[in-house]
Amino acid sequence: MMTLLQAISDILRPNLIERGPLLLEETDAKSTCKAITLHKSGQAFMVRPDRSAGGICPRVDCSRSLSAPDRLFPLFRVDLPDIGAMCDYIVFCHDLTRDENRLFILHCEMKSTSPQGSRKQIENGKLLADYIVTMAKHHRPMHALSTVEHRGLVFCNKPGLYVPKGNLQEKRCRYTPPFAGGLSDLKFAYYPAGKEYPLSHFCV
């Protein structure tokens, strides 16, 4: 029997999963957003949705190139506003210091300047993660059902973003309420890029 985190890991394509140090960085050469490191204290891995096979059809005998939106949303018109938007990283983690049956899914977006425009990318990330979680629950036996908590994290270079003083390992992130008209179970927080953070800080 598996935990929900193990079940999610089991059904995803192996080349999507990053298990080592959680280093968030932009691959766009024009981006000036500095890399972020999230230090793990428990079980965790992350997925970069737009990385899948480098834009190539995953079948071995197929050479067709697919854009990230076409791969992620093959049923929808990605020419419509926001339909093909997606956050940069999705982190799946347990905060073992509190409750191992509480699964946190952190939807991370990186911005070079203003954090504006990140909402739809993160919300689409949440919808994609909901689908992944539902498939894992349906297709893998689990010894207990976890409580799933979604959080939106925006990291950018814009000065003035709030970071609590003191030991972030002991403190917990203060999230803003969900946006009016947005997804009711998705809180947000905004942090400076170019820093290192304990992953447990965001598991609240």
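**One cavity, one pocket and a buried arginine**

Let me begin with the interior, where the structure holds one cavity of 30 Å³ or more; I should say at once that this is a predicted model, and that what follows is computed from it. The space in this largest cavity comes to about 50 Å³, and of the 11 residues that line it, S41, G42, C93, H94 and L199 are the closest to its centre. Strand 5, residues 89–95, gives the largest share of that lining, with three residues, and by class the lining is made up of four nonpolar, five polar and two charged residues.

Let me turn from the cavity to the largest pocket, which has about 820 Å³ of space. Of the 23 residues that line this pocket, those closest to its centre are R71, L72, P74, L128 and Y131. Two elements, helix 2 (68–72) and helix 3 (118–139), each give two or more residues to the lining, and it is helix 3 that supplies the largest share, namely six residues. As for the classes in the pocket lining, 18 residues are nonpolar, two are polar and three are charged.

The next stop is a single residue, R48, which sits in the loop between strand 4 (44–47) and helix 2. Is R48 buried or exposed? With a relative accessible area of 5%, R48 counts as buried, because the cut-off for that class is under 20%. What, then, does the side chain of R48 meet there? One of its polar atoms lies 2.7 Å from the backbone oxygen of E25, and the side chain of R48 also makes a polar contact, again at 2.7 Å, with the side chain of Y89. If we leave aside the neighbours within four places in sequence, the residues in contact with R48 are L16, E18, E25, E26, T27, D88 and Y89. Y89 brings us back to strand 5, since that strand covers residues 89–95.

Finally, let me set these sites in the chain as a whole. Its secondary structure comes to three helices and nine strands, and from the N terminus on the elements run α-β-β-β-β-α-β-β-α-β-β-β. The chain has 204 residues, of which 45% count as buried, and it exposes about 11000 Å², with carbon and sulfur atoms supplying 53% of that area. Among the contacts in the chain with a separation of 6 or more, 72% are accounted for by residues 24 or more positions apart, and the contact list of R48, with L16 and Y89 among its members, can be read beside that figure.

How values were computed
Residues are numbered from 1 along each chain as its sequence is written. This is a predicted model: local features need pLDDT of at least 70, side-chain atom pairs count only at pLDDT 80 or more; totals for chains, interfaces and linings use all residues. Side-chain values use heavy atoms; hydrogens and water are left out. On a 1 Å grid over the protein atoms alone, a cavity is a set of points where a 1.4 Å probe fits but cannot get out, and a pocket is an open set with protein on both sides within 12 Å along at least five of seven lines; lining residues have an atom within 4 Å of a point. Grid points are joined across faces, edges and corners, and a volume is the space filled by probe spheres set on the points. Helices (H or I, at least four residues) and strands (E, at least two) are DSSP runs, numbered from the N terminus. Ala, Val, Leu, Ile, Met, Phe, Trp, Tyr, Cys and Pro count as nonpolar, Asp, Glu, Lys and Arg as charged, and the others, Gly among them, as polar. Buried means under 20% relative accessible area, exposed over 50%, partly exposed in between (1.4 Å probe, protein chains only). A polar contact is a pair of N or O atoms within 3.5 Å; within protein, one must be able to donate a hydrogen and the other to accept it, and residues adjacent in sequence count only if both atoms are side-chain atoms. Contact means heavy atoms within 4.5 Å. Accessible areas come from the Shrake-Rupley method with a 1.4 Å probe; for residues, only the protein chains shown count as cover.
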